[in-house]
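I opened the notebook to record what I looked up in this structure, entry by entry.

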Amino acid sequence: MKGVVSRFKTLMVIGLVCGIAVAVIQYERPILALMLGSIIGIAPFMVRIVYMNRIASSIDRGIPHLLLHLLESTKNGLNIIVALQSIPDIKSDYLRDAVNRLLMNIVSGSGIDAAFDRFESDLVTPLAKSISHVIRILIINGGNIPLILERTYNHVYTMYVLEEERKAKLESYKHIVYISYIIYIAIAVMLSTNLFNSVSDMANTYTDVNISDSLFRLNVTNIDEIRDIMLHMGIIEAIIGGLGIGKICYGSMLDGLRHSVVMLVICLLGFYIGGVI
């Protein structure tokens, strides 16, 4: 895990350098430079978040299967260490690899505490760390192991089902935010490429008519300013919308950073294809 994190840190530094380089090259278009530089600079960090979230989800998804296997094995008279040596499909390759490293450390004579300290460092979720601590105590102190594992499994499985239901219900909010944002970008691009140009042509046609303070007195400078305002609104909405998705659907604004980047890309492509930037 430490090696993976160090590689991601290197990628983040490279991404930030590339982002600054793009911003310097595109200094004549500060908004475009800001968008491109931010996307390139944040991309490695976003990839790291996605990667870590997938590992965390995989581990939490495998914990109930691991507990169920330990419960059934202990009811059949096996101890926990022997049960860990014959783990079936627990829906998580990363968790299975972590368990195999735990067994190797125990067999090599590292000691139960040292082996579990390493095991908990491999796990990246609070739930997995808590279950690891429970298993460590059961191995060291013993007790009514099947009863403790059964209650632990029931509690963890109930939490897992409730969390999956919560994610499924909140998934629609993410779709609503994306759909509304795409509609805004489409309307903004159409206004910038069609309506404003028509208004400018009408203003040039009726230059001899005294219509002060009316919409038809918009000149090219005014229209460019309005287009910039719409672009800025798209950028702000992308950032706030993505962070909002992270807070609502995942419980953390940081997890919504990747959605902000995706929305910024949608904004950039939409305005670029429409000829606004």
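The entries below go from the whole chain to single helices, ring pairs and a surface patch.

Entry 1, overall make-up. I note that the model is predicted. I counted secondary structure elements and found 9 helices and 0 strands in the protein. Read from the N terminus, the order is α-α-α-α-α-α-α-α-α. I then looked up burial: of the 277 residues in the protein, 38% are buried. For contacts between residues at least 6 apart in sequence, I found that 65% join residues at least 24 apart. The exposed area of the protein is about 15700 Å², and carbon and sulfur atoms supply 64% of it.

Entry 2, helix H5. I asked which residues of H5, residues 112-122, are buried. They are Ala115, Phe116, Phe119, Glu120 and Asp122. Looking down the axis of H5, I find these buried residues within an arc of 150°, so they line one face of the helix. I then checked what covers them: the cover includes helix H4 (93-107) and helix H6 (126-141).

Entry 3, aromatic pairs. I looked for paired rings and the count came to 2. One pair is Phe116 with Phe119: the ring centres are 6.1 Å apart and the planes stand at 90°, so I logged the pair as edge-to-face. Both residues belong to helix H5, where they are 3 residues apart, about one turn of the helix. Phe116 has a relative accessible area of 0% and is buried. Phe119, at 5% relative accessibility, counts as buried too.

The other pair is Tyr153 with Tyr157, with ring centres 5.8 Å apart and planes at 25°; the pair is therefore stacked, since planes under 30 degrees apart count as such. Both tyrosines lie in helix H7, residues 145-205, and are 4 residues apart, about one turn of the helix. I asked whether Tyr153 is buried or exposed. Tyr153 is buried, with a relative accessible area of 15%, because the limit for buried is under 20%. Tyr157 counts as partly exposed at 40% relative accessibility.

Entry 4, surface patch. I looked for nonpolar side chains grouped on the surface. Ile179, Ile183, Ile187 and Met190 form such a patch, with about 380 Å² of accessible area together. I followed up one member, Ile187, and placed it in helix H7. Ile187 has 43% relative accessibility and counts as partly exposed.

Definitions and conventions. Residues numbered from 1 in each chain as written. Predicted model: local features only at pLDDT ≥ 70, side-chain atom pairs only at ≥ 80, totals over all residues. Heavy atoms only, no water. Buried < 20%, exposed > 50% of the residue type's maximum accessible area, 1.4 Å probe, protein only. Arc of directions from axis to C-beta. Contact = heavy atoms within 4.5 Å. Phe/Tyr/Trp six-rings, centres within 6.5 Å; stacked < 30°, edge-to-face > 60°. Patch = residues over 30% accessible without salt bridge, like charges linked within 9 Å, V, L, I, M, F, W, Y side chains within 5 Å. Areas by Shrake-Rupley, 256 points an atom, 1.4 Å probe, with all protein chains shown as cover.
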